[in-house]
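Visitor: I'd like to learn how to read a few features in a model. Could you walk me through them?

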Amino acid sequence: MLREIGIKNFILIEDLRVELDKGLNVLTGETGAGKTIVFDALGLLLGDRFKSEQVRQGAEKSSVNGTFETPRQREFQKWWNEHDFEASDEILIRREGYPDGRSKAYLNDQPVTLGTLQELGEFLVDVHGQNEHQNVLKPSVQQALLDRFANLEAKVTSVEPLYRTWKDLKEKLSEGQLSEQERAQRIDVYRFQLEEIEKARVKAGEEETLTARLPELKNAEKLRSLANTAYGLLYQEEGAALEKLGQAAKAFESLKQLAPSVEPLLNEVLESKSRLEESALALQHMAEKWEADPMALEELISRQDLLSRLKKKYGETLEAVIAHGVHLRAELDRLENTATYRQELEKACEEAFAVLERTCQALSQKRKEAAKDLGAAVKKELGDLGLKQAVFRCQVNALADPSTTGMDQIIFEWAPNPGEGIQTLAAIASGGEMSRVMLALKTVLAQADAVPTLIFDEIDAGIGGVTAQAVGKKLRKLARHHQILCVSHLPQIASCAAAHFQVSKRVSKARTFAVVTRLDSAERVNELARLLGSQLTPTSVQHAKELLTQNQ
């Protein structure tokens, strides 16, 4: 849930901090007072793009920060760990915006991208507004709602890899339908390329060996001369290092007779002499190999040129060239044995489709069972919202071809009044009816929906009276499972809130300020009286008190 939001120099807000209740939070105020500014600021925390005009005039920057309680669901924990964020009981999101349009985003004081905030926002807040009114009319969104209600997301996810396997095999079958001329041409090209690769006998890591060998062949005479000189100084010449070291060892032997404590030093000298002898002999063997060989040098350079040409044609590395050769061999086998290969491919494609079809049919059966329960549950909620005669139905229609989500098209249908034919949800004309259908869906999905905070921006569009009272009570019921933030113009809804905030405008020193105030009991009565459309009279105040008593 959203514990607190702080806003500075954002549009009409100079400095504001609001602590929110865990239940139903309602914002009210005069038209144009700036109620949606708070939601606009919250949108920035969820990854919306910052606009330069959102910086309060005259300010160097605007800032918005929000403190959220860390969600506990498994999907969030997986996402959080994949992004290597440190474990924390709360999440602090901060946005900064500047007059030139630049903006910065921080998550627990770490810079992050807007994409990261958008992904995180899906775990934190579900915004229900005008856009969602339109989105829920799409069959894909209706399918997602049904799957979420029935807890079928995992089964839907299992369909995609099966679909991809079948689709790939189907595409290979289509690609394999070549004319005899095209097949012959490809065979010729593949044979030539494969022969070129196989003739070269390419080995992985060969380039490194050649690169290391080249300096030795280029400088063989110089290397041999230097090695012989070093060998002579170590071993062969009069007064060589090993001769001197042998003399030193004899002196240490004499010292040992008089001072046994020098024995460790004698052992070190003898060990050094032995190692130096090994080094001298190894150098001698290397010198014997370093012999000028123009033919070997030419062959090495030619080999490097050949490998370079192969890489330009068949891959950036020798490993890629080798892999291309393996691919060519497989393609040649397929083209030269087209009939056999096609039979095997057709069989594999049929088997893949059979597995996909069985999985989709099992998913369809689950959806059909859940669709009845969803329709009945939504119908009940609509009855509580003043649409007792309405019929709501979740239709599961079979598709001819599978997709990554199954073989169904989900369509929400309803009849708002007795005697009217059933129609799709998209045919709803009334904003009030649409708001109630959306609220009914949200209430039914509340138990399955893991998102902790719900925002209702236009829930009271086109309703009033008894219906408004029903909507308010439904929101309060929904708030048992979710934190809710709601902008409303209706006293019936505002009276159901656990926390009531008033948004107002004030003018000071020729500047306009938007102010958000959490109302106490007396202030709340006055605001409800205003929302009732009356002046503060004993009657309107009494009516407001009755609303509060009735809805608390």
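**Charged pairs, strands and helices**

Guide: Let's start with one residue: Glu196 is partly exposed, with a relative accessible area of 25%. Buried means under 20% relative accessible area, exposed over 50%, and partly exposed in between (1.4 Å probe, protein chains only). Before we go on, this is a predicted model, where local features need pLDDT of at least 70 and side-chain atom pairs count only at pLDDT 80 or more, while totals for chains, interfaces and linings use all residues. Residues are numbered from 1 along each chain as its sequence is written, and side-chain values use heavy atoms, with hydrogens and water left out.

Visitor: Which residue does Glu196 meet in a salt bridge?

Guide: The general idea is that side chains of opposite charge can pair when their charged atoms come close. The cut-off here is a side-chain nitrogen of Lys or Arg within 4 Å of a carboxyl oxygen of Asp or Glu. Glu196 meets Lys313 this way, at 2.8 Å from N to O. Glu196 sits in helix H7 (residues 180–200) and Lys313 in helix H12 (residues 294–314), so the bridge ties together parts that are 117 residues apart in sequence. Helices (H or I, at least four residues) and strands (E, at least two) are DSSP runs, numbered from the N terminus. Lys313 is partly exposed too, at 46% relative accessibility.

Visitor: How many salt bridges does a search of the whole structure find?

Guide: The search turns up 23. One of them joins Glu4 and Arg17, with the closest N and O atoms 3.0 Å apart. That pair links strand E1 (residues 2–10), home of Glu4, to strand E2 (residues 13–19), home of Arg17, across 13 residues. Arg17 counts as partly exposed, at 47% relative accessibility.

Visitor: Are Arg367 and Asp147 buried or exposed?

Guide: Both are buried. They form a salt bridge, with the closest N and O atoms 2.9 Å apart. Arg367 belongs to helix H14 (residues 338–384) and Asp147 to helix H5 (residues 139–149), and the two residues are 220 apart in the chain.

Visitor: Both of those helices sound worth following. What does H5 pack on?

Guide: A sheet, so let's read that before the helices. In general, side chains in a regular strand alternate between the two faces of the sheet. Here an open sheet of 3 strands has the order E9-E10-E11, with antiparallel pairing. Strands pair if DSSP finds at least two bridges between them. Strands E9 (391–403) and E11 (423–424) are the edges, each pairing on one side only. E9 and strand E10 (residues 406–415) run antiparallel, joined by 9 bridges, and Ala398 stands opposite Asp408 in E10. H5 packs on this sheet and touches E9 and E10, its direction making about 95° with that of E10. H14 lies across E9 and E10 as well, running at about 165° to E9. Touching means contact, with heavy atoms within 4.5 Å. Axes are lines fitted to C-alpha atoms, for helices over the stretch in contact, and angles run from 0 to 180 degrees between N-to-C directions.

Visitor: Where do strands run parallel?

Guide: Look at strand E3 (residues 24–29) and strand E14 (residues 499–508), which run parallel and share 5 bridges. Thr28 stands opposite Gln502 in E14. E14 also pairs with strand E15 (residues 511–518), in the antiparallel sense over 8 bridges. E14 and E15 form a hairpin with 2 residues between them, and Lys509 in the turn has a positive phi of about 55°.

Visitor: Which other residues have a positive phi?

Guide: As background, most residues other than glycine have a negative phi. Among those that go the other way is Asp84, with phi near 60°. Asp84 lies in the loop between helix H2 (74–82) and strand E5 (90–97), and counts as exposed at 65% relative accessibility. Arg201 has a positive phi of about 50°. You'll find Arg201 in the loop between H7 and H8, exposed at 66% relative accessibility.

Visitor: At what angle do H8 and H12 pack?

Guide: Two packed helices are described by the angle between their axes and the distance between the axes. Helix H8 (residues 206–218) and H12 pack at about 150°, with axes 10 Å apart. The contact includes Leu210 and Leu214 of H8 and Leu300 and Leu307 of H12.
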